[in-house]
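Colleague: Please take a close look at one part of this model and set it in its surroundings. I should like each term explained as it arises.

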Amino acid sequence: MKQSNGQMPGSVEAAKTYWEQFKGSPADLYLQARGLEEGVSTHLPGFVGSARTGHERYRDHLVIPYLRPAGSKFTATIRFRCVRDECVKDIDGSYFFLKGEKEQHEQHSKYQSLPGDKPRLYNTSALIQPSAYVAIAEGEFSAWAVELDGVPTAAVQGVSAWKDHFDNSFAGYEKVFILGDGDEAGRKMTEKLAERLPNGVPIDLPDGEDPDSLRRSYGPGFIRQLLGLDS
Ligand SMILES: [Zn+2]
């Protein structure tokens with residue numbers, strides 16, 4: 001299924017098709033509500049309105065392309081995030097996350113990878129920035145939020161998605177800020193990566209918060225402060 005360069009077949013074409021369906025879509029509105037619209041032109045998300053053959057199960061999902069630093073022609077894979085109204089919005093039409101409530105993805109996962117794909121690092125462009133520090137976030141949109149504060153940030157798909165060979169990507173930095181979400185799984189991720197990475201700096205997020213909720217609540221610049229980058 002995989003090509004020898006590790007690219008999932010069809011990813012480039014799919015990313016392009018779904019990017020063309022993004023503007024004004026539920027995915028667009030969802031990212032705006034999360035305060036992440038500034039990241040759109042960099043990360044080129046998509047929306048599955050009309051699905052490509054074989055992608056019917058991803059209809060009404062936000063599409064997250066795993067771009068390579070060399071550009072969108074080298075998209076490694078795509079992932080899908082459910083943004084169906086009945087899952088992400090309450091009966092009054094407001095997003096659950098804006099009320100601090102859990103989304104209702106019943107009988108299906110919130111995120112899906114292509115069949116046969118393996119866990120990957122997201123936003124590897126962060127790793128070629130000329131910077132003494134870098135951050136690791138839990139989840140793709142958390143990486144957007146931290147990066148909007150001027151901190152190059154890669155993301156992992158969760159604590160169990162870390163692979164041994166990822167360690168090397170973070171060698172040589174003065175500091176690697178580790179920002180798991182402010183919940184049990186997130187703290188576990190922060191703890192585990194801080195143990196693995198000798199230059200890892202664990203950052204504890206407040207209970208129930210993630211980088212984009214902090215950005216919404218406290219505005220741009222707050223995450224930099226939290227990392228001790230600005231006084
Ligand atoms: Zn759902």
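Modeller: H108 is partly exposed, because its relative accessible area is 28%; C87, at 3%, counts as buried. Here buried means under 20% relative accessible area, exposed means over 50%, and partly exposed lies in between, with a 1.4 Å probe and protein chains only. The model is predicted, so local features need pLDDT of at least 70 and side-chain atom pairs count only at pLDDT 80 or more, while totals for chains, interfaces and linings use all residues. Residues are numbered from 1 along each chain as its sequence is written, and side-chain values use heavy atoms, without hydrogens or water.

Both residues bind the zinc ion: its protein donors are C82 (SG), C87 (SG), H105 (ND1) and H108 (NE2), at 2.1 to 2.5 Å. Donors are N, O and S atoms within 2.8 Å of the metal (3.2 Å for Na, K and Ca); as water is not among the atoms, sites may look incomplete. The four donor atoms subtend angles of 102 to 119° around the zinc ion, so the arrangement is tetrahedral. Four donors count as tetrahedral if all angles lie between 85 and 135 degrees. Along the sequence, the donor residues follow the spacing C-x4-C-x17-H-x2-H. C87 and H108 link distant parts of the chain, 21 residues apart: C87 belongs to helix α4 (residues 85-88), and H108 to the loop between α4 and β4 (111-113). Helices (H or I, at least four residues) and strands (E, at least two) are DSSP runs, numbered from the N terminus.

Helix α4 also leads to the interior. In the largest nonpolar core, of 24 residues, those touching the most other members are Y30, L31, L62, Y122, F141 and W144. Such a core is a set of buried Ala, Val, Leu, Ile, Met, Phe, Trp, Tyr and Cys residues joined through side-chain atoms within 4.5 Å. At least two of its residues come from each of α2 (26-33), β2, α4 and α5 (140-147). The largest share, four residues, is supplied by α5. Domain 1 (11-113) and domain 2 (124-226) each give at least three residues to this core.

These bounds come from an automatic or database domain assignment. The centres of domain 1 and domain 2, taken over C-alpha atoms, are 21 Å apart. Their contact (heavy atoms within 4.5 Å) takes 22 residues from domain 1 and 13 residues from domain 2.

Conventions: Four donors count as tetrahedral if all angles lie between 85 and 135 degrees; four count as square planar and six as octahedral if opposite donors are over 155 degrees apart and all others between 65 and 115; anything else is irregular.
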